[in-house]
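Reader: Could you take me through one part of this structure closely, and then connect that part to what surrounds it? I would like a careful account rather than a list.

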Amino acid sequence: MGNKDEQDLRFLQLRFIGKILAGFTHEIKNHLAIVKESAGLMDDMIKMAKSDKIDSRQYLDIIHLIEEQVGKSIEHFTYLNRFAHRMDLPLTKVNVNDCMEELIVLLHRFANQKRISFEKEFQKDPQTINSNPSMIQFLVFNFLEELLTTLDKNSRILIKTEPLNGSVAIRIIPKGNILDTGTEKALCSQEIIDYVLAMLGGTLSKQKDGGEAVITIPVAAS
Amino acid sequence: MKQKDIKVLVVDDEKDFANTLAQRLKMRDLKVGTAYDGEQALSRLKEEEPDVIVLDLKMPGMHGMEVLEEIKKAYPEMQVIILTGHGTDKDEEDAKRLGGFDFIKKPADIDHLEHKIRRAFQEKLERTMSAIAFAEEGEFDTARKILKDEEDKD
């Protein structure tokens, strides 16, 4: 791979991480906004109470809402933390289902904006593979991003993992109408996709016009 | 119209946020309804026109800016306050260019928001009274421009 392609790959990886962070901060801001308004509402209720008698049920409802938002935030932080640690080592034991789960959760906000939902059909008790988890996520992200821009609203994207000829297969299956977006060029070139696949020792088969993509990753890295 | 009869529509896809904010505004003597996306907001407008809309930007389906544009086309006199956690300076510029009354970033102080809502309503009221005065003098074009907030206020 030439110097320019290397630079493009680094840019696209940073862009990927940036997108994940943007989606995450959007989610957390929303949860915190609800916490703040809820706390403010309790404040209002106490200050504006016409008597000393309080409706404890109303207060409990607000407290439970705050707890729920804090819980959701913690869940998001957990997924972001897991995602961040995927970049610790270039070769490590990987549970592909967990990697895909992180992508689904962290990209949920973007999909939701376009009224597209993710579905998952994960292999039970997947085999642990030796590979580069961050690169696997980067590769899958590019296909998901393409679908998020080309699929019509109210579509679904199914992410399926299954064993295949001694490898792990990740199927990305769009379920919906593909919009005609003209001749917009994908940011991630085929050269970069091929390079990353070669790095992972994997293969790709993809249907034309935004159809199903199947990525296979060998159990042991080459 | 008394200030306490101000009708507000809060539009935000985060239902818990919209409902909690609505409750707080109701405690401040405002009449508040909610909508959870742009399409629902536009549909609500046909049933009952509010005086002021508090509108989020990043929502599923129609983006808040698109909603603002549609509102201003159909209801030029409607006052819209953008309330967003994710707006940029450009968003603020665009919102004001499209006729948004104000642009507030979340988290917003409730008293500040209430003040803005009342200010927006007051401005709308003054514009309406001014338009009526011109219409009574037969200056219908001027009256129309005032209602659309196109008239030079000097």
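Author: What follows starts from the sheet of chain A and moves outward to the domains, the other chain and a few unusual backbone sites.

The model is a predicted one, and every value below should be read in that light. Chain A holds an open sheet of five strands, in which the order is β2-β4-β5-β7-β6 and the pairing is mixed. At its edges stand β2 (117–121) and β6 (203–206) of chain A, each of which pairs on one side only. From one strand to the next, the twist averages 15 degrees. Within this sheet, strand β4 (residues 156–164) of chain A and strand β5 (residues 167–175) of chain A are joined in the antiparallel sense over nine bridges. One pair of residues can be picked out to follow this pairing by eye: A:K160 has A:R171 in β5(A) as its bridge partner.

Two helices of chain A can be placed against these strands. Helix α3 (residues 96–106) of chain A packs on the sheet, where it touches β2, β4, β5 and β7 (213–218) of chain A, and its direction makes about 170 degrees with that of β4(A). Helix α5(A), for its part, lies across β4, β5 and β7 of chain A and runs at about 15 degrees to β5(A). How far is helix α5 (residues 133–150) of chain A expected to span, and how far apart are its end C-alpha atoms? At 1.5 Å a residue, its 18 residues should span 26 Å, and the end C-alpha atoms are 26 Å apart, so the two values agree. The surroundings of this helix can be described by burial, for which a residue needs 20 or more other C-beta atoms within 10 Å of its own. By that criterion 13 of the 18 residues of α5(A) are buried, and therefore the helix is largely enclosed by the rest of the structure.

The wider setting of the sheet is given by the division of chain A into domain 1 (3–85) and domain 2 (92–218). The centres of domain 1 of chain A and domain 2 of chain A, taken over C-alpha atoms, are separated by 27 Å. Between the two, 15 residues of domain 1 of chain A are in contact with 14 residues of domain 2 of chain A. On the side of domain 1 of chain A that touches domain 2 of chain A, the elements giving two or more residues are α1 and α2 (56–85) of chain A, and α1(A) gives the most, with eleven residues. By class, that side of domain 1 of chain A has eight nonpolar, three polar and four charged residues.

Helix α1(A) also appears where the chains meet. There, 17 residues of chain A are in contact with 16 residues of chain B. On the side of chain A that touches chain B, α1 (3–48) and α4 (108–113) of chain A each supply at least two residues, and α1(A) gives the most, with twelve residues. The residues on this side of chain A divide into five nonpolar, six polar and six charged.

Across that interface, chain B has an open sheet of five strands, ordered β2-β1-β3-β4-β5, with parallel pairing. Its edge strands are β2 (31–35) and β5 (102–105) of chain B, each pairing on one side only, and neighbouring strands are turned by 20 degrees against each other on average, direction ignored. Strand β4 (residues 79–84) of chain B pairs with β5(B) in the parallel sense over four bridges, and B:I82 stands opposite B:F103 in β5(B). Helix α1 (residues 15–26) of chain B lies across β1 (7–11) and β2 of chain B, running at about 170 degrees to β2(B).

Some backbone sites deserve separate mention, since most residues other than glycine have a negative phi, and most peptide bonds are trans. A:D125, in the loop between β2 and β3 (129–131) of chain A, has a positive phi of about 50 degrees although it is not a glycine. A:D125 is exposed, with 6 other C-beta atoms within 10 Å. B:D29, in the loop between α1 and β2 of chain B, likewise has a positive phi, near 65 degrees, but counts as partly exposed, with 13 C-beta neighbours inside 10 Å. Finally, the peptide bond from B:K106 to B:P107 is cis, with omega near 0 degrees, and B:P107 lies in the loop between β5 and α5 (110–136) of chain B.

Notes:
Residues are numbered from 1 along each chain as its sequence is written. Chains are lettered from A and ligands numbered from 1 in the order in which they are written. This is a predicted model: local features need pLDDT of at least 70, side-chain atom pairs count only at pLDDT 80 or more; totals for chains, interfaces and linings use all residues. Two residues are in contact if their C-beta atoms, placed from the backbone, lie within 7 Å. Ala, Val, Leu, Ile, Met, Phe, Trp, Tyr, Cys and Pro count as nonpolar, Asp, Glu, Lys and Arg as charged, and the others, Gly among them, as polar. The expected span of a helix is 1.5 Å times one less than its number of residues. A residue is buried if 20 or more other C-beta atoms lie within 10 Å of its own, exposed if 12 or fewer, and partly exposed in between; C-beta atoms are placed from the backbone. Two strands pair if DSSP finds at least two bridges between them. Axes are lines fitted to C-alpha atoms, for helices over the stretch in contact, and angles run from 0 to 180 degrees between N-to-C directions. Domain bounds come from an automatic or database domain assignment.
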